[in-house]
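Open the model in your viewer and keep the selection box at hand. The stops below run from the whole chain down to single residues, then out to the empty spaces.

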Amino acid sequence: MIAWFAAALAAPPRFDRVDVLSEAGAPFFADDLWRMSADPGVTRLRFAEQIAVVGAVGEAQLSLSLAAQTFAVEHPLPLGPLRATAGLRTHAFLPDGALLGLAVRGGPVRVGASVLVVSDATWSRPDWSTWRALPALGLGVGPAPRAVAPWMQ
């Protein structure tokens with residue numbers, strides 16, 4: 001674990017992608033998207049809030065949007081292009097959830113599916129007694145990852 005952390009810090013920071021549909025923005029998918037016909041203006045605003053810019057250092061990723069911020073780790077699995085994802089979600093930098101899922105990256109496109117467990121905690125009411133699990137889908141676009149020689153991994 002310490003070796004992995006040291007290797008992650010030694011890697012240079014990089015722009016990873018823009019998530020057009022963010023996994024950390026699962027409340028948009030679960031709550032707001034289905035109200036499109038009733039209130040399209042609010043739905044468009046909530047969609048814009050969940051678009052995230054993702055930066056990475058090694059396998060560690062930081063996702064920033066107006067709706068949520070996520071610190072996650074995405075680790076390759078020995079099953080082809082499949083990657084495991086685990087992360088901590090915050091809202092206005094108050095920890096309010098966690099996600100666990102799988103992702104596939106083919107060239108510049110990343111598709112992810114996770115389960116997001118999120119609380120109703122806010123800065124004005126920091127109460128983590130109520131939780132709900134939400135399905136989370138992600139769709140991101142960014143530069144294709146460069147191939148790394150086996151001896152450099």
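Start with the contacts. Among those that link residues at least 6 apart in sequence, 47% join residues at least 24 apart. The model is predicted. Of the protein's 153 residues, 34% count as buried.

**Colour by secondary structure.** There are three helices and eight strands. Along the sequence they follow the pattern α-β-α-α-β-β-β-β-β-β-β.

**Select the core.** Pick A26, L99, L116, V118, L134 and A136. These six residues make up the largest nonpolar core. The elements that give two or more residues to this core are β7 and β8, and β8 covers 131–141.

**Centre on L116.** L116 is in strand β7. Is L116 buried or exposed? L116 has a relative accessible area of 0%, so it is buried. Now show what surrounds L116. Leaving aside neighbours within four places in sequence, L116 is in contact with E23, A24, A26, P27, R89, A98, L99, R132, A133, L134 and A136. Put a distance label between the C-alpha atoms of L116 and E23. The label should read 7.7 Å, although the two residues are 93 residues apart along the chain.

**Move to A136.** A136 belongs to the largest nonpolar core too. Setting aside residues within four places in sequence, A136 is in contact with E23, A26, G112, A113, S114 and L116. E23 therefore deserves to stay on display: it is in contact with L116, which is buried at 0% relative accessible area.

**Jump to S65.** Look in the loop between β3 and β4. S65 is buried because its relative accessible area is 14%, below the 20% cut-off. What does the side chain of S65 reach? It reaches the backbone oxygen of E49, at 3.4 Å. Not counting residues up to four places away in sequence, S65 touches E49, Q50, I51 and A52.

**Show the cavity.** How many cavities of 30 Å³ or more does a search of the whole structure find? The search finds one. About 120 Å³ of space lies in the largest cavity. Select R17, D19, S63, T70 and A72, which lie nearest its centre among the 13 lining residues. Next, highlight three strands: β1 (13–21), β3 (60–64) and β4 (69–76). Each of them supplies at least two residues of this lining. Colour the lining of the largest cavity by residue class, and it divides into four nonpolar, five polar and four charged.

**Finish at the second largest pocket.** About 390 Å³ of space lies in the second largest pocket. It is lined by 18 residues, and P27, D32, A67, R89 and H91 are the closest to its centre. P27 and R89 should look familiar, as both are among the contacts of L116. Which elements each supply at least two residues of the lining of the second largest pocket? They are α2 (26–32), α3 (40–50), β5 (82–91) and β7 (109–119). Helix α2 gives the most to this lining, with four residues. By class, the lining of the second largest pocket divides into five nonpolar, five polar and eight charged residues.

Methods
Residues are numbered from 1 along each chain as its sequence is written. This is a predicted model: local features need pLDDT of at least 70, side-chain atom pairs count only at pLDDT 80 or more; totals for chains, interfaces and linings use all residues. Side-chain values use heavy atoms; hydrogens and water are left out. On a 1 Å grid over the protein atoms alone, a cavity is a set of points where a 1.4 Å probe fits but cannot get out, and a pocket is an open set with protein on both sides within 12 Å along at least five of seven lines; lining residues have an atom within 4 Å of a point. Grid points are joined across faces, edges and corners, and a volume is the space filled by probe spheres set on the points. Ala, Val, Leu, Ile, Met, Phe, Trp, Tyr, Cys and Pro count as nonpolar, Asp, Glu, Lys and Arg as charged, and the others, Gly among them, as polar. A nonpolar core is a set of buried Ala, Val, Leu, Ile, Met, Phe, Trp, Tyr and Cys residues joined through side-chain atoms within 4.5 Å. Buried means under 20% relative accessible area, exposed over 50%, partly exposed in between (1.4 Å probe, protein chains only). Contact means heavy atoms within 4.5 Å. A polar contact is a pair of N or O atoms within 3.5 Å; within protein, one must be able to donate a hydrogen and the other to accept it, and residues adjacent in sequence count only if both atoms are side-chain atoms.
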